[in-house]
Amino acid sequence: MTPPGTSLFDLRKPSTRHPGLDGARGLAVVAMVLGHTLDALLAPEMRANAWLQRYWELRGITAPLFLLVAGFAVVAALGTSQESAGRTFGRRARRALLLLFLGYLVHWPGWDTVHALGWGEPLRSLVFTFDALQSIAVSLLVGAAVLVLARGTWTRAVVLGVLAVGIPLASTWMWSAATGWPVELRQAVGMPGTRFPLFPWAGFFFAGALAAHLLRLLRPGWPQGLALLALGTGLLVLTRQLTPDWSPTSAWLVAFRVGQGFLVLGAVNLLPRFVSGLLAPLGRSSLWLYVLHLPVVYGWAGTPGLAGRVGPTLGLLPTLGVGLGLLAVCFAIARLWQVVRGKRSPSSDATTWRARPVPMSSAALRSGQRI
C-alpha cells in the first residue's frame with residue numbers, strides 16, 4: 001500500500017508494494033478490457049485476420065495470470081514471519097467474501113429473467129455462474145487457511161505443491177464425481193460450459209503461491225525476475241516434451257499457462273522503473289476495472305451492453321478506441337472512489353510484501369523496490 005502523502009510516481013521513496021505483481025496485473029487488465037471489447041464489437045471479417053487469430057491465442061494467458069499473481073501476492077505479503085498468516089487471516093477472509101459477492105453480482109440476470117424462468121436449474125445456472133472472481137475468492141480463502149495451518153517452511157512447500165499439482169491432475173475425476181451434485185456446486189467444481197471452475201483453475205493460484213514461497217528469500221526486481229524466467233522456461237520446455245491437451249480439465253494446459261505466466265511476471269520484474277510506474281496504478285485498480293467494464297461491455301440485469309447495442313460491427317481502430325476509452329473511464333471512476341474514501345490505493349489488495357528481516361542501507365532499499 002502506498003503510504004499517505006507518497007506519490008505513486010515518486011521513485012525516491014520506498015514502497016511496500018511488490019513491483020512485479022502490480023505491473024503484471026496492470027498488463028493483464030489492459031489485455032482483458034481490450035480483449036472483451038474486441039470480442040464484443042469487432043466485425044466478423046476482421047476476426048479472420050491471421051495476426052488477430054494469433055492475438056486470441058496469446059490472450060489466453062490473461063485469466064491464468066490474474067490467478068497466478070493472486071496466489072503469489074498472498075504468500076509474498078507474509079515474508080518470513082510465522083505469525084503473519086494468522087494475523088492477516090481475517091482480512092483475507094473478508095477480501096474473499098467481497099470477491100464472491102462482486103463475482104455473483106456482475107452476473108445477476110435481472111428480475112424479469114427471474115420471473116420468466118422461475119427458481120429452477122436454468123435460472124440457478126445463471127445466478128451462480130462461477131467466474132474468475134469466485135475462483136480467486138475460494139482459492140484465497142483456502143490458501144489463507146492453509147498458510148495458517150501449515151506453519152513450517154517445508155510443510156508449507158509440500159502442501160502448496162500438492163495443491164498446485166494435485167488440483168489440475170484431479171480435475172477430470174472431480175468433474176465426473178460432481179455430475180449428480182446441485183448445479184451451484186457443479187458450477188464451482190467443474191462441468192461442461194463452466195468458465196473458471198476450481199478444477200483446474202485453482203491450480204494457477206496455488207502455483208503462484210508455491211513460486212512465491214520458494215522465492216521468498218529473493219528480493220523483488222531482478223533477483224525474482226530471473227528466477228521466474230528460469231521457472232517459466234523450464235515449465236514450457238517440459239510441456240513441449242508431452243502431448244498437448246487443450247481440453248478444459250487438462251493438467252498439461254495448466255502447466256503450459258503457468259509457464260507463460262511466470263515468463264510474464266519475470267519480465268515485468270525486470271522492466272525499468274518508469275514502465276512499472278505506468279502499469280502499477282492499473283494493477284492496483286484491477287478489481288474495480290473488472291467489475292466496472294463487464295456490465296458496460298456485456299450488459300447487466302437485463303440491460304444490454306455494447307455487445308447487444310452495437311454488436312460485432314466495428315473495424316479494428318474504432319474497436320480499440322472504444323476499449324481504450326472504456327479503460328480510461330473505468331480507471332478514473334476507480335481512482336475517484338479511492339479519493340472519496342480517502343485512500344491512495346486499496347489497502348485490502350494483498351500485494352504488499354515483506355522482505356527478510358536483515359539490515360539494509362537506504363540505497364539498497366531503493367534499488368530493491370520499484371513501483
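I began with the secondary structure, and I counted 19 helices and zero strands in the protein chain. I keep in mind throughout that this is a predicted model. I then looked up how much of the chain is covered, and found that buried residues make up 50% of its 371 residues. The accessible surface of the protein chain comes to about 16,900 Å², and carbon and sulfur atoms account for 70% of that area. For the contacts with a separation of 6 or more, I noted that 78% are between residues 24 or more positions apart.

**Entry on Gly 35**

I looked up Gly 35 next, and I found this residue in helix α1, which spans residues 19-41. Is Gly 35 buried or exposed? I recorded a relative accessible area of 0% for Gly 35, and because the cut-off for buried is under 20%, I entered Gly 35 as buried. Leaving aside neighbours within four places in sequence, I listed Tyr 55, Trp 56 and Arg 59 as the residues in contact with Gly 35. I also checked a partner far along the chain: Leu 320 is 285 residues away from Gly 35 in sequence, while their C-alpha atoms are separated by 9.3 Å.

**Entry on helix α12**

I turned to helix α12, which covers residues 198-214 and includes Pro 200. Which residue does a cis peptide bond join to Pro 200? I found that the partner is Phe 199, and that omega for this bond is about 15°. I marked the bond for a second look because most peptide bonds are trans.

His 213 is found in helix α12 as well, and with a relative accessibility of 5% it counts as buried. When I set aside residues up to four places away in sequence, I found that His 213 touches Val 75, Thr 153, Arg 156, Ala 157 and Leu 160.

**Entry on two loop residues**

I placed Asp 131 in the loop between α7 (121-127) and α8 (132-149), and although Asp 131 is a loop residue, I found that it counts as buried at 5% relative accessibility. Not counting residues up to four places away in sequence, Asp 131 touches His 107, Arg 195, Phe 196 and Tyr 290. With which side chain does the side chain of Asp 131 make a polar contact? I found that the partner is the side chain of Arg 195, at 3.2 Å. I also noted Leu 100, which is 31 residues from Asp 131 along the chain, with 9.5 Å between the two C-alpha atoms.

The other loop residue I looked up was Ala 301, which is found between α16 (286-298) and α17 (306-309). Ala 301 is not a glycine, yet I read a positive phi of about 55° for this residue. I wrote this down because most residues other than glycine have a negative phi. With a relative accessible area of 26%, Ala 301 is partly exposed.

**Entry on aromatic rings**

I then went through the aromatic side chains, and the count comes to 10 aromatic pairs. One of them is formed by Tyr 104 and Phe 128, and I recorded it as edge-to-face, with 5.7 Å centre to centre and 75° between the planes. This pair links distant parts of the chain, since Tyr 104 lies in helix α5 (residues 84-105) and Phe 128 in the loop between α7 and α8, 24 residues apart. I noted that Tyr 104 is partly exposed at 26% relative accessibility, and that Phe 128 is partly exposed too, with a relative accessible area of 24%.

Trp 108 and Trp 111 form another edge-to-face pair, for which I noted 5.0 Å centre to centre and 75° between the planes. Trp 108 counts as partly exposed at 23% relative accessibility, whereas Trp 111 is exposed, with a relative accessible area of 55%. I also looked for groupings of rings, and found that Tyr 104, Trp 119 and Phe 128 form one aromatic cluster.

**Entry on a surface patch**

My last search was for nonpolar surface. Which residues make the nonpolar surface patch of about 450 Å²? I listed Leu 336, Trp 337, Val 339 and Val 340. Trp 337 lies in helix α18, which runs over residues 316-340, and at 46% relative accessibility I entered Trp 337 as partly exposed.

Key: Residues are numbered from 1 along each chain as its sequence is written. This is a predicted model: local features need pLDDT of at least 70, side-chain atom pairs count only at pLDDT 80 or more; totals for chains, interfaces and linings use all residues. Side-chain values use heavy atoms; hydrogens and water are left out. Helices (H or I, at least four residues) and strands (E, at least two) are DSSP runs, numbered from the N terminus. Buried means under 20% relative accessible area, exposed over 50%, partly exposed in between (1.4 Å probe, protein chains only). Contact means heavy atoms within 4.5 Å. A polar contact is a pair of N or O atoms within 3.5 Å; within protein, one must be able to donate a hydrogen and the other to accept it, and residues adjacent in sequence count only if both atoms are side-chain atoms. Patches are made of residues with over 30% relative accessible area and no salt bridge: like charges are joined within 9 Å, nonpolar side chains (Val, Leu, Ile, Met, Phe, Trp, Tyr) within 5 Å. Accessible areas come from the Shrake-Rupley method with a 1.4 Å probe; for residues, only the protein chains shown count as cover. A salt bridge is a side-chain nitrogen of Lys or Arg within 4 Å of a carboxyl oxygen of Asp or Glu. Rings of Phe, Tyr and Trp (its six-membered ring) pair if their centres lie within 6.5 Å; planes under 30 degrees apart count as stacked, over 60 as edge-to-face and the rest as tilted.
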